[in-house]
Amino acid sequence: QVQLVESGGGLAQPGGSLRLSCAASGTIVSIVSMGWYRQTPGKQRELVASRTSGGSNNYADSVQGRFTISRIEAGNTVHLQMNSLKPEDTAVYYCNGRIYTAPGRWNDYWGQGTQVTVSS
């Protein structure tokens with residue numbers, strides 16, 4: 001089994017910064033990608049940012065230039081640095097990992113979610 005444990009999040013003022021971290025552990029053969037999604041009530045979960053094992057990053061248009069994703073491969077950890085936060089960034093943020101647990105066997109795994117609130 002694989003576990004994704006998130007940390008960070010909380011309350012920030014508009015224009016402020018927060019940093020999210022997520023660590024993957026368990027039976028991990030290799031990681032295809034890790035990233036962050038977010039969800040608000042009544043809406044579908046949406047991609048915020050992702051990073052592949054090859055080092056390619058993908059960002060939602062709404063966070064491009066403000067958020068930065070980085071990954072520490074040795075620790076199977078991914079970080080999301082969120083700058084210039086806006087009230088519309090308020091959501092529950094979920095860590096995602098596409099992970100091989102055996103040769104030829106991969107699944108998408110999710111963290112428990114962490115609340116980010118941007119408000120003055």
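1. Strands E3 (residues 18–26) and E8 (residues 77–82) are a good place to start. Six bridges join E3 to E8, and the pairing is antiparallel. One facing pair can be named: serine 21 lies opposite histidine 79 of E8. Note that the model is a predicted one.

2. E3 and E8 belong to a wider sheet. That sheet is open, has four strands and runs in the order E1-E3-E8-E7. Its pairing is antiparallel. Which strands stand at the edges? They are E1 (2–8) and E7 (67–72). Each has a single partner strand, so one side of E1 and one side of E7 lack a neighbour in the sheet. On average, neighbouring strands here are turned by 15° against each other, direction ignored.

3. Now the whole chain. It holds eleven strands and zero helices. Along the sequence the pattern reads β-β-β-β-β-β-β-β-β-β-β. The radius of gyration is 14 Å, close to the 14 Å given by the globule rule for 120 residues, so the chain is as compact as a globular protein of that length.

4. Dimensions come next. The C-alpha trace spans about 50 × 25 × 20 Å along its principal axes.

5. How much of the chain is buried? Of its 120 residues, 41% count as buried. The accessible surface is about 6,200 Å². Carbon and sulfur atoms account for 46% of that surface.

6. Last, the contacts along the sequence. Take the contacts in the chain with a separation of 6 or more: 54% of them join residues 24 or more positions apart.

Note on methods: Residues are numbered from 1 along each chain as its sequence is written. This is a predicted model: local features need pLDDT of at least 70, side-chain atom pairs count only at pLDDT 80 or more; totals for chains, interfaces and linings use all residues. Side-chain values use heavy atoms; hydrogens and water are left out. Two strands pair if DSSP finds at least two bridges between them. Helices (H or I, at least four residues) and strands (E, at least two) are DSSP runs, numbered from the N terminus. Axes are lines fitted to C-alpha atoms, for helices over the stretch in contact, and angles run from 0 to 180 degrees between N-to-C directions. The radius of gyration is taken over C-alpha atoms; the globule rule is 2.2 Å times the number of residues to the power 0.38. Buried means under 20% relative accessible area, exposed over 50%, partly exposed in between (1.4 Å probe, protein chains only). Contact means heavy atoms within 4.5 Å. Accessible areas come from the Shrake-Rupley method with a 1.4 Å probe; for residues, only the protein chains shown count as cover.
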